[in-house]
Amino acid sequence: KPYTLLAGGRRTQAATELGWSTIPAKVYDYPITELDLRSIELAENLERKDMTPVEEIQLKKAIHDLQERIHGKKYGKVPGGAGWSQADTAALLKETPANLSRDLQLAKAMEQYPELGLDKCKTKSDAFKLLKSVSNKVSTSMAAESFLKKVAKSDQVQRLIDSYIIG
């Protein structure tokens, strides 16, 4: 039967070079979906620990997005309710919802704002710090702009300005 290798390419190559005739393998007797393939790829790469932070978070986002497409997005926090949530993805990947949420935030920011260079950071922690810093600066800038618009429209400010004689 023809088989498709989903994970373990390096181990298979090493076994071949060593002249082994058999190696342990997990054989799936059902069709593999794109979600299955991505999940296997993520698990394999996480075990191998060669994945860059960018590859890891992009793969997690791809798995989460696939699950949402399959099950629909979950609205509300009813246990066992219809749809798929970040908590469901976190459970699937065996990690905390907070860690997954942070990774999905980074993946989304990398897609939306490539000019920030988040993918150039050495660690996910560095990338998140940079994103938080930029976010704080944008928030401060927007708040200042909003304040200046309110002040410019205020009659009280103009009356105060006109009340003082400088000289």
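Helix H5 contains 16 residues and spans 22 Å from its first C-alpha to its last, close to the 22 Å expected at 1.5 Å a residue. The model is predicted, and among the elements of the protein chain H5 (residues 97–112) has the highest mean pLDDT, as the table shows.

| Element | Residues | Mean pLDDT |
|---|---|---|
| Helix H5 | 97–112 | 95 (highest) |
| Helix H7 | 155–163 | 73 (lowest) |

Over the protein chain, pLDDT averages 85, and 94% of the residues score at least 70.

Several residues of H5 are buried, namely Leu-100, Asp-103, Leu-104, Leu-106, Ala-107, Ala-109 and Met-110. Two of these, Leu-100 and Leu-104, belong to the largest nonpolar core, which has 10 residues in all. The other members of that core are Leu-35, Leu-42, Met-51, Leu-59, Ile-63, Leu-66, Ala-90 and Leu-93. Helix H2 (34–48), H3, H4 and H5 each contribute at least two residues to this core, and the largest share, three residues, comes from H3. A second, separate core consists of nine residues, including Val-54, Ile-57, Leu-106 and Ala-107.

Leu-35, a member of the largest core, touches Ile-63, Leu-66, Gln-67 and Ile-70, when residues up to four places away in sequence are not counted.

Ser-85 lies in the loop between helix H3 (53–71) and helix H4 (86–93). Is this loop residue buried or exposed? Ser-85 counts as buried because its relative accessibility is 18%, and buried means under 20%. Leaving aside residues up to four places away in sequence, Ser-85 is in contact with His-64 and Lys-74.

Notes
Residues numbered from 1 in each chain as written. Predicted model: local features only at pLDDT ≥ 70, side-chain atom pairs only at ≥ 80, totals over all residues. Heavy atoms only, no water. pLDDT = per-residue confidence, 0-100. Helix = DSSP H or I, 4+ residues; strand = E, 2+ residues; numbered from the N terminus. Buried < 20%, exposed > 50% of the residue type's maximum accessible area, 1.4 Å probe, protein only. Contact = heavy atoms within 4.5 Å. Expected span 1.5 Å × (residues − 1). Core = buried A, V, L, I, M, F, W, Y, C linked by side-chain atoms within 4.5 Å.
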